[in-house]
Amino acid sequence: MSSAASVERVHVRAPGKINVFLGVGGRHDDGYHALATVFQAVSLYEDVIARAADDFSVTVRGAVDADAVPLDDRNLAMRAAKLLAAAADYHGGVALEIRKSVPVAGGMGGGSADAAAALVACDALWGTGFSPARLHELAARLGADVPFALHGGTAVGTGRGDQLNPALARGRFDWVLVTSDEGLSTPVVYEQLDLLREEQGALADDPPLSLDVPIPVLQALRSGDAVQLAASLHNDLQAAAVHRRPDLEETIRRGIRAGALHGIVSGSGPTVALLCGDPESAQAVQTALQQAGREALHVHGPVPGARILV
Ligand code: ATP
């Protein structure tokens with residue numbers, strides 16, 4: 001494919017995610033844990049702007065610790081652009097500008113959203129014309145959470161979390177996100193989980209290598225019932241995240257005292273997601289946490305995946 005880009009600039013927006021359910025099983029030989037999860041895309045977005053260029057470059061701004069994001073080939077958006085170029089045999093480059101709103105290393109899949117957005121943006125910029133299935137396949141090669149950031153909505157992820165099936169979700173769920181200035185490393189949280197399981201002797205009774213999402217979680221989503229969903233929120237990584245950051249439990253308790261139905265650590269944390277019954281109670285919970293000096297955002301889900309803005 002020649003390097004003549006078909007347009008000069010493409011702007012794509014991709015959402016961050018919450019895991020409303022996250023079951024972690026045993027570790028496969030390749031080091032990955034077996035997962036059964038339900039993702040929900042929420043209205044906290046990454047914006048990626050792709051401009052025609054001869055070489056590959058990336059700039060990042062917006063988030064509190066945008067400085068912590070690598071600007072070389074470790075950057076997931078950069079890797080996405082280069083993977084697409086190789087797959088399409090495209091010989092030009094791209095200048096990527098990332099405007100971050102999702103906290104870095106916050107357990108909300110911000111880097112994965114950047115990668116999904118970069119795939120969609122470069123596909124349009126270069127006129128690659130790949131099918132959604134082909135983009136999905138490239139996304140899965142970049143990371144377990146990237147296919148979901150492409151699709152958005154609410155979905156069940158199994159395998160490494162990358163085998164996706166849409167889940168029926170009615171209505172809108174209101175969440176208050178409590179963010180932290182400092183992130184938690186996902187691999188470190190998984191290691192902590194393995195340690196905790198060893199200490200508890202759980203390895204004598206090996207965690208399963210294939211897991212399912214419990215039916216009540218799916219029923220609650222299908223009926224759009226926040227009270228029912230609150231009762232089935234669960235995260236197997238929560239104990240490990242709390243072990244590293246004991247304050248997260250107090251944040252959840254504080255949110256519930258302020259009127260949230262329930263709270264959970266999002267993915268590997270440290271972002272806490274508090275589920276609220278309606279927009280008004282979410283507003284009240286957000287205000288109470290802000291008055292307690294916490295960074296709290298009111299978002300809703302589900303929202304669509306990576307989309308070109310016109
Ligand atoms: P996970 O998807 O594993 O749950 P997370 O949501 O907790 O991750 P991210 O913000 O996606 O965290 O990034 C985790 C790490 O990945 C960062 O600390 C950073 O070093 C690296 N990284 C690579 N590319 C990006 C990117 N575009 N944005 C943010 N971090 C990135």
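Student: Which element gives the most to the shell around the ligand?

Tutor: Helix α2 does, with four residues. This is a predicted model, where local features need pLDDT of at least 70, side-chain atom pairs count only at pLDDT 80 or more, and totals for chains, interfaces and linings use all residues. Residues are numbered from 1 along each chain as its sequence is written.

Student: What makes a residue part of that shell?

Tutor: Its C-beta atom, placed from the backbone, lies within 6 Å of the ligand. On that test 23 residues surround the ligand. The closest are Leu76, Gly110, Gly111, Asp114 and Thr186. The elements that give two or more residues are α1 (76-88) and α2.

Student: How do you know which classes line the ligand?

Tutor: Ala, Val, Leu, Ile, Met, Phe, Trp, Tyr, Cys and Pro count as nonpolar, Asp, Glu, Lys and Arg as charged, and the others, Gly among them, as polar. The shell then has nine nonpolar, 11 polar and three charged residues. Domain 1 (9-168) and domain 2 (173-301) each supply at least three residues to this shell.

Student: What makes α2 a helix here?

Tutor: Helices are DSSP runs of H or I with at least four residues, strands are runs of E with at least two, and both are numbered from the N terminus. The protein has 10 helices and 12 strands.

Student: What makes the protein as compact as a globular protein of that length?

Tutor: The globule rule is 2.2 Å times the number of residues to the power 0.38, and the radius of gyration is taken over C-alpha atoms. For 310 residues the rule gives 19 Å, and the radius of gyration is 19 Å, so the label fits. Along the principal axes, the C-alpha atoms fill a box of roughly 55 × 45 × 35 Å.

Student: How do you know which residues of α2 and α3 meet?

Tutor: Contact requires C-beta atoms, placed from the backbone, within 7 Å. Ala115, Ala116, Leu119 and Asp123 in α2 meet Leu135, Leu138, Ala139 and Leu142 in α3. By class, this contact has seven nonpolar, no polar and one charged residues.

Student: Where do the two domains lie, and what builds their contact?

Tutor: The bounds, from an automatic or database domain assignment, are 9-168 for domain 1 and 173-301 for domain 2. Their centres are 22 Å apart, over C-alpha atoms. The contact takes 32 residues from domain 1 and 41 from domain 2. On the domain 1 side, β2 (33-53) gives the most, with 10 residues. That side divides into 20 nonpolar, 12 polar and no charged residues.
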